[in-house]
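This report describes how helices are arranged within and between chains, and then turns to individual residues. Please read it alongside the sequence and the coordinates.

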Amino acid sequence: MHIAEGFLPPAHAAGWTVAAAPFVAAGLWSLNRHLKAHPEARLLLGAAGAYALVLSALKLPSVAGSSSHATGVGFGAILFEPGVMAVLGTLVLLFQALLLAHGGLTTLGANAFAMAVVGPWVAYGVFRLGRRLGGTLMVATFLAAFAGNLATYVTTSLQLALAFPDPASGFAGAAAKFLSLFAFTQVPLALVEGALTAVLLNALVGYNPPELRQLALFSGAKT
Amino acid sequence: MKFPRARLVFVFILLAVLLVFLSPAGFVGTDEQATEMIEQIHEGYTPWFEPVWAPAGVWQERLLFALQAALGAAFLGYYLGRLQGAASTRPERRDARH
């Protein structure tokens with residue numbers, strides 16, 4: 001879910017840009033460091049970015065005649081750790097803002113915070129927790145991508161509620177409104193994203209390419 | 001020389017493009033619903049910035065989304081095809097079909 005161009009008041013737009021910036025900067029540093037250490041990983045990185053590119057282009061129909069977008073950031077977050085997705089996710093958002101009038105330049109910071117920072121971190125955290133609790137790779141991935149997708153939309157809802165508190169019920173009321181508006185739509189999509197991501201990761205692990213074995217979480221991946 | 005990965009890339013692109021074009025037009029996007037909700041809560045809110053460029057119509061928009069999906073799908077297909085190729089040239093002989 002992207003906030004459309006100009007639909008965040010200037011102060012909020014600026015604030016979220018400032019909030020997202022250090023994560024993107026850290027992500028650039030992390031990306032650079034990883035590529036220097038493992039130049040052969042660039043294709044897998046490209047694949048992580050490509051997956052986000054595909055999924056965020058897909059407007060998937062959901063229940064009650066509504067539709068929304070998947071995010072696709074869970075895949076890269078699990079593989080490379082979330083820092084890298086701060087960069088890749090922001091690039092996807094920039095692409096969509098410039099070429100598709102989807103999301104926006106003024107709202108890039110806010111959308112990046114939701115989709116390129118919070119989403120990936122939640123996905124990563126859920127994945128690690130899932131594995132620690134003894135979950136299989138596919139289950140952990142499914143839950144991670146599912147949670148990451150939902151976390152993105154929850155963040156966006158809260159961002160909107162912060163910018164547009166309800167005249168009567170304030171932030172809480174607006175938050176409830178935005179969250180309930182999208183809850184039914186986003187849950188089925190998050191399930192689809194979870195499933196797709198799990199399938200893709202499983203396929204990747206099946207091939208077990210060298211660039212995968214170098215990654216911290218996959219050096220001895222048991223499915 | 002045959003490029004076996006081309007098939008996988010083609011299939012991926014086709015799937016992605018089909019998914020974009022076959023998504024029902026009547027389904028209201030949550031992004032639009034969000035802007036409506038904003039206008040409901042904050043009457044008279046007008047966006048203070050316009051997109052630098054916007055697609056001319058629904059079809060142009062769908063084409064661009066399809067292009068985005070196709071770009072990503074092409075790369076994914078290429079990468080997975082590479083992995084497939086590497087897997088099939090390992091100790092066992094390559095499949096005679098290729």
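A helix here is a DSSP run of H or I covering at least four residues, and helices are numbered from the N terminus. In that sense A:Ser56 lies in helix H2 of chain A, which covers residues 42–57. The model is a predicted one, and the values below are to be read as properties of that model.

**Helix packing**

Three helix pairs are described here, one within chain A and two that join chain A to chain B, and the table sets out their packing geometry.

| Helix pair | Angle between axes | Distance between axes |
|---|---|---|
| H6(A) and H7(A) | about 155° | 6 Å |
| H2(A) and H3(B) | about 145° | 8 Å |
| H4(A) and H3(B) | about 155° | 11 Å |

Within chain A, helix H6 spans residues 137–163 and helix H7 spans residues 170–207. An angle over 145 degrees counts as roughly antiparallel, and H6(A) and H7(A) are therefore roughly antiparallel to each other. The crossing of H6(A) past H7(A) is right-handed, and the residues of their contact comprise 28 nonpolar, seven polar and one charged.

Between the chains, helix H3 of chain B, residues 58–88, packs against H2(A), and H2(A) passes H3(B) in a left-handed crossing. On the side of H2(A), the contact includes A:Leu43, A:Leu44, A:Ala47, A:Tyr51, A:Val54 and A:Ser56, while among the participants from H3(B) are B:Phe65, B:Gln68, B:Leu76, B:Tyr79 and B:Arg82. By class, this contact of H2(A) with H3(B) consists of 16 nonpolar, four polar and one charged residues.

H3(B) also packs against helix H4 of chain A, residues 82–99. H4(A) and H3(B) are therefore roughly antiparallel to each other, and H4(A) passes H3(B) in a right-handed crossing. Here A:Val92, A:Phe95, A:Gln96 and A:Leu99 of H4(A) meet B:Leu64, B:Phe65, B:Gln68 and B:Leu71 of H3(B). The residues of this contact of H4(A) with H3(B) divide into six nonpolar, two polar and no charged.

**A:Ser56 and its surroundings**

Is A:Ser56 buried or exposed? Its relative accessibility is 0%, and A:Ser56 therefore counts as buried. The side chain of A:Ser56 is joined to that of B:Gln68 by a polar contact of 3.5 Å. Apart from residues up to four places away in sequence, A:Ser56 touches A:His69, A:Ala70, A:Thr71, A:Val92, A:Gln96, B:Phe65 and B:Gln68, so that its surroundings include residues of both chains. Of these neighbours, A:Val92, A:Gln96, B:Phe65 and B:Gln68 also belong to the contact of H4(A) with H3(B).

**Buried positions in chain A**

Helix H3 of chain A, residues 73–80, is mostly covered, with eight of its eight residues buried. These are A:Val73, A:Gly74, A:Phe75, A:Gly76, A:Ala77, A:Ile78, A:Leu79 and A:Phe80. H3(A) is followed by A:Glu81, which has a positive phi near 75°.

One residue of H3(A), A:Ala77, is 68 residues from A:Ala145 in sequence, and the C-alpha atoms of A:Ala145 and A:Ala77 are 9.0 Å apart in space. A:Ala145 lies in helix H6 of chain A and, at 1% relative accessibility, therefore counts as buried. When neighbours within four places in sequence are left aside, A:Ala145 is in contact with A:Glu193, A:Gly194 and A:Thr197.

**Chain B**

The secondary structure of chain B comprises three helices and one strand, in the order α-β-α-α along the sequence. Of the 98 residues in chain B, 32% are buried. Among contacts in chain B between residues at least 6 apart in sequence, 81% join residues at least 24 apart.

B:Gln84 lies in helix H3 of chain B; its relative accessibility of 41% falls between the limits of 20% and 50%, and B:Gln84 therefore counts as partly exposed. Which side chain does the side chain of B:Gln84 meet in a polar contact? The partner is the side chain of A:Tyr207, at 2.7 Å. Within chain B, B:Gln84 and B:Leu8 are 76 residues apart in sequence, and their C-alpha atoms are 9.9 Å apart in space.

Conventions: Residues numbered from 1 in each chain as written. Chains lettered and ligands numbered in written order. Predicted model: local features only at pLDDT ≥ 70, side-chain atom pairs only at ≥ 80, totals over all residues. Heavy atoms only, no water. Axes fitted to C-alpha atoms, helices over the stretch in contact; angles between N-to-C directions. Parallel < 35°, antiparallel > 145°, perpendicular 65-115°, else oblique. Left-handed = near helix turned anticlockwise from the far one by under 90°. Nonpolar A, V, L, I, M, F, W, Y, C, P; charged D, E, K, R; others polar. Buried < 20%, exposed > 50% of the residue type's maximum accessible area, 1.4 Å probe, protein only. Polar contact = N/O pair within 3.5 Å; in protein donor to acceptor, adjacent residues only side chain to side chain. Contact = heavy atoms within 4.5 Å.
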